[in-house]
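Reader: I've got this one open on my screen and would like to talk it through. Can you take me around it?

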Amino acid sequence: MQIETILVRAGLGKDPATGSVSTPIYQSATFAHPRLGESTGYDYSRTANPTRTALEEAVAALEKGAVGVSFSTGMAAITAVFFLFKPGDHLVVSEDLYGGTYRLLNEMFCQYGIEVSYVDTSDSKAIESSVRESTKALFIETPTNPLMKISDLKKSIDIAKRHDLLTIVDNTFMTPYFQQPLVLGADIVVHSATKYLSGHNDVVAGVVVTREESLGEKIRFVQNSAGGILGPQDCWLLLRGLKTLALRMDRHQENAQQIAEWLTRQPEVEQVYYPGLADHPGYETCSQQASGFGGMLSFSVKDKALVPYLLEHLKLITFAESLGGVESLITFPARQTHADIPEEIRNSLGITDQLLRLSVGIEHIDDLIGDFKQTFNQYRSSKEQVLPVK
Ligand SMILES: *Cc1c(COP(=O)(O)O)cnc(C)c1O
């Protein structure tokens, strides 16, 4: 079955009693036992809930993994994965990383003796040379957030396998519609399902999918023990979002490509970071390992003052954190998503005060570019007005 069909069938026909096409929301904390020593398969909703099962089966099928496990947020999902490690274990992690994951490792897991090296995982030599005796896993984001750097998944997974490391990929930006790391040999995929998987900026959720059953059971054990589960209502919202993922991703990407090209032509723009631009350093690798370039892009402007100007004057594109929803959002990474990363590290990575990140929505492209046009034009005339008269 093609992925478009798998998506539409997410959660279909899960209630034989009524034939309900949409998975019912089993808003029940507990389930009656038929008799002593027997269970319907559901006992208590922290352990399992039928709406959640439908969602978890759907995401496992999408990523072509053995087990899907859902969590209350993307960070809860990532936390569950880091619970696989013990004091003294070392992880190799993409340096240009989601700020929340950086904070989780540097301010929480470091207290429990987990050691981390941040490396440019788009450079496989850098991965190789940071592996130690105690290294247990490689954690990759590709494209990275916000600089859209591409790591070669096959090469990275090969290195991990040679050193007996787990490969964990945060696939939030690409989604299984464009990129399937487990098929390429990764062990674990994590998602902030808040983003494209749900797609409507109306739910916060996370998922983990493992390639093998045994690893999935470990994650499930963490889910039941630590308890950061996704509630039935949110599972249902996510199931509903999934059905249109293919359509949404196609439009996100189409719009992103056009906006990226338009931005490169504006004299105020210093650089555009979008892997679908042929001169992007990761263009070739991304073309090989993914079937698309996604809907996220970042760009830097020459004049710092243009940053607040855009944030305040764009009318259609909303100034808000998060990404992956149908509505276009613009973010200022240095002050928002990546504020927890020390300034000098941020600057050395390129997450400067001139960088903006755009989550391109599915609005009509003319309206999106129109919003930028009117704002750039207004800015240009405001600059002319303050020029000293000669
Ligand atoms: C948003 C995000 C997360 C965190 O997910 P939440 O659902 O906000 O907890 C992790 N990784 C990436 C790449 C993200 O964009």
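**The sheet, the ligand and a loop**

Author: Sure, and keep in mind that this is a predicted model. Let's start with an open sheet of 5 strands with mixed pairing, running in the order β8-β9-β12-β11-β10.

Reader: Which are the edge strands of that sheet?

Author: Look for strands that pair on one side only. In the order β8-β9-β12-β11-β10, that description fits β8 (269–273) and β10 (318–319).

Reader: In which sense do β9 and β12 pair, parallel or antiparallel?

Author: Strands of a sheet can pair either way, through backbone hydrogen bonds. Here β9 covers residues 296–301 and β12 covers residues 355–359, with 5 bridges between them. Ser298 faces Arg357 of β12. The sense of the β9 and β12 pairing is antiparallel.

Reader: On to the ligand. Which helix gives the most residues to the shell around it?

Author: The shell has 13 residues, and Gly74, Asp170, Ser192, Thr194 and Lys195 are the closest. By type it splits into 6 nonpolar, 5 polar and 2 charged residues. The helix that gives the most, with 3 residues, spans 74–82: that's α3.

Reader: How far is the side chain of Thr194 from an oxygen atom of the ligand?

Author: Let's go through the side-chain contacts one by one. Asp170 has a polar side-chain atom 2.7 Å from a nitrogen atom of the ligand. In Ser192, a side-chain N or O atom is 2.8 Å from a ligand oxygen. For Thr194, the distance between a side-chain N or O atom and a ligand oxygen is 2.6 Å.

Reader: And how much of the ligand does the protein bury?

Author: With those contacts in mind, consider where the ligand sits: in the largest pocket. Taken alone, the ligand exposes 380 Å², and the share of that buried by the protein is 92%.

Reader: Now the backbone. Where is Pro143, which is joined to Thr142 by a cis peptide bond?

Author: The Thr142 to Pro143 bond has an omega of about 0°. Strand β4 ends at 141 and helix α6 begins at 153. Pro143 therefore falls between them, in the loop between β4 and α6.

Reader: Which peptide bond has an omega near 5°?

Author: Stay in the loop between β4 and α6, where Pro146 is found. That loop also holds Met148, which has a positive phi of about 60° although it isn't a glycine. The cis bond with omega near 5° is the one from Asn145 to Pro146.

Terms used: Residues numbered from 1 in each chain as written. Predicted model: local features only at pLDDT ≥ 70, side-chain atom pairs only at ≥ 80, totals over all residues. Heavy atoms only, no water. Near = heavy atom within 4 Å. Polar contact = N/O pair within 3.5 Å; in protein donor to acceptor, adjacent residues only side chain to side chain. Areas by Shrake-Rupley, 256 points an atom, 1.4 Å probe, with all protein chains shown as cover. 1 Å grid on protein atoms, 1.4 Å probe; cavity = no way out; pocket = protein on both sides within 12 Å on 5 of 7 lines; lining within 4 Å. Sits in = over half its atoms within 2 Å of the grid points. Helix = DSSP H or I, 4+ residues; strand = E, 2+ residues; numbered from the N terminus. Nonpolar A, V, L, I, M, F, W, Y, C, P; charged D, E, K, R; others polar. Pairing = 2+ DSSP bridges.
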